[in-house]
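Reader: I am new to this structure and should like to be guided through it by question and answer. May we proceed one point at a time?

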Amino acid sequence: MSLDLILRVGTKLVLPFILLFALYVQFHGDYGPGGGFQAGVISAGMIILLAITFGLDAAQRVAPKAVVDRMIPLGVLIFAGTGVVGLALGKNFLDYSVFSHDSAHGHELGIFLVELGVLVTVSGTMTALFYAFVERGR
Amino acid sequence: MVLLTLLAVVTVAIVRQRSLFGVVILAGIYSFLMASVLIALDAVDVAMTEASVGAGVSTVILLATLHLVKTTELRSVRRQVLPIFVSLVTGAVIVWGTLVLPPFGTADSIIHRHVAPRYLAESIKDTNVPNVVTSVLADYRGYDTLGETTVIFTAGIGVLLLLRGSRRRGRADEEKSPQ
C-alpha cells in the first residue's frame with residue numbers, strides 16, 4: 001500500500017486541475033478549441049483516474065452509479081428540449097433565436113445549452129461504460 | 001513527414017505484436033501521434049478529441065476488457081490469402097479515390113465554395129461565437145450534432161445492456177445451481 005503513495009498523492013494533486021480543465025474546455029469552447037464532447041470525455045477521464053488510483057468505491061462516492069446512468073438520457077433530453085423550445089415558441093426546431101430579443105444573443109445561449117447537453121451525455125456514457133467493464137471483472 | 005513515418009512504424013508494430021496488452025498500449029501511442037498530426041493540420045478541436053477519446057478513455061476501456069479476456073492473440077488457423085487480397089484491393093480503391101481529389105489545402109476547391117464562406121463571414125454576427133467550429137457544430141449543423149449525441153446515447157445504452165444484462169443472468173444461474 002505504501003508503494004503507491006506517490007501515485008495517490010500525485011493523483012490527488014492533479015484531479016482538481018483535470019476537472020478545472022474540463023470546465024474550461026466546456027465554457028471556453030466559444031472562444032478556443034473544445035466543446036461539450038471534449039469536456040465530457042475529460043471529466044469522465046477524471047472519474048476514471050480516481051477509480052484506477054483509489055478504487056471503484058471511492059469513484060462511485062463522487063459520481064454515484066444512479067446519477068451517471070441518468071446523465072446518459074438527460075443530456076439528449078437537454079439537447080432535444082432546447083430544440084423543442086424553439087418549436088413551441090413558433091420557430092423551427094433548434095432555432096435558437098427565440099431565447100432572446102437579440103437573435104445573436106439567443107444563438108449564443110442556445111449553443112451554450114446544447115453543448116451542456118452534449119457534455120452531460122458524453123461524460124455520463126463514458127463513466128457508465130467504465131463502471132460496467134470494471135464491475136464485470138470483479 | 002516524421003509523424004507519418006512514426007504512424008506507419010506503430011501500425012506495423014501493432015500488426016506484428018501478439019500480446020494484446022502491447023497492442024492496446026501501441027494503439028494509445030498511435031492515437032497520440034494522430035493527435036499531433038491533427039495539431040499540425042491546425043485541427044485543434046479534433047486533436048483534442050483524438051487525444052482524450054483515442055488515447056485516454058478507449059485505452060482504459062480496452063485494458064478493462066483485457067482484464068476479462070485472455071491477453072495473447074492466438075495464431076489464425078485459416079489461410080490468410082483472402083483477407084490480404086481484400087485489404088489490398090480496398091487500399092488500392094481508396095488510393096485511386098484520392099487521385100481525383102483537389103490538391104491538399106486548395107482554397108477554391110468545391111467544398112470550400114459552398115457554405116463555408118458564409119459560415120466564416122457571418123458566424124460572429126449570427127451567434128456571437130468567435131470559434132467557428134463551435135458555431136457550425138452546435139448551431140448551423142445542430143441537427144447533425146443532435147444525431148451524434150443520440151448515437152452516443154444509443155451506443156452507451158446498448159453496451160450497458162449487454163454487459164449488465166448478461167451479468168444478472170449469470171448471477172441468477174449461480175443462485176439456482178446450489179439448490
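Reader: Is B:Val115 buried or exposed?

Author: This is a predicted model, and the answer rests on a count of neighbours within it. A residue counts as exposed if 12 or fewer other C-beta atoms lie within 10 Å of its own. B:Val115 has 12 C-beta neighbours inside 10 Å, and therefore counts as exposed.

Reader: Where in chain B is the place of B:Val115?

Author: Helix α4 of chain B covers residues 81-99, and helix α5 of chain B covers 116-127. B:Val115 belongs to neither helix; its place is in the loop between α4 and α5 of chain B.

Reader: What separation is there between the C-alpha atoms of B:Val115 and B:Ile39?

Author: Along the chain, B:Val115 and B:Ile39 are 76 residues apart. In space, their C-alpha atoms are separated by 24 Å.

Reader: How many helices does the secondary structure of chain B come to?

Author: Read along the sequence, chain B follows the pattern α-α-α-α-α-α-α. There are zero strands in chain B, and the helices come to seven.

Reader: What is the radius of gyration of chain B, set against that of a compact globule of 179 residues?

Author: The C-alpha atoms of chain B fill a box of roughly 70 × 40 × 25 Å along the principal axes. Buried residues make up 20% of the 179 residues in chain B. A compact globule of 179 residues would have a radius of gyration near 16 Å, whereas the value for chain B is 22 Å.

Reader: Which element gives the most to the side of chain A that touches chain B?

Author: In the contact between the chains, 45 residues of chain A meet 41 residues of chain B. On the chain A side, α2 (36-54), α4 and α5 each supply at least two residues. By class, that side of chain A has 26 nonpolar, 15 polar and four charged residues. With 21 residues, the element that gives the most to the side of chain A touching chain B is α5(A).

Reader: How are α4(A) and α5(A) directed relative to each other?

Author: Helix α4 (residues 65-88) of chain A and helix α5 (residues 103-136) of chain A have axes 7 Å apart and pack at an angle of about 150 degrees. Their contact has 15 nonpolar, nine polar and two charged residues. Angles over 145 degrees count as roughly antiparallel. The relation of α4(A) to α5(A) is therefore roughly antiparallel.

Reader: What is the handedness of the crossing in which α4(A) passes α5(A)?

Author: The crossing concerns the pair of helices just described. As α4(A) passes α5(A), the crossing is left-handed.

Note on methods
Residues are numbered from 1 along each chain as its sequence is written. Chains are lettered from A and ligands numbered from 1 in the order in which they are written. This is a predicted model: local features need pLDDT of at least 70, side-chain atom pairs count only at pLDDT 80 or more; totals for chains, interfaces and linings use all residues. Axes are lines fitted to C-alpha atoms, for helices over the stretch in contact, and angles run from 0 to 180 degrees between N-to-C directions. Helices (H or I, at least four residues) and strands (E, at least two) are DSSP runs, numbered from the N terminus. Angles under 35 degrees count as roughly parallel, over 145 as roughly antiparallel, 65 to 115 as roughly perpendicular and the rest as oblique. A crossing is left-handed if the near helix is turned anticlockwise from the far one by less than a right angle, and right-handed if clockwise. Ala, Val, Leu, Ile, Met, Phe, Trp, Tyr, Cys and Pro count as nonpolar, Asp, Glu, Lys and Arg as charged, and the others, Gly among them, as polar. The radius of gyration is taken over C-alpha atoms; the globule rule is 2.2 Å times the number of residues to the power 0.38. Two residues are in contact if their C-beta atoms, placed from the backbone, lie within 7 Å.
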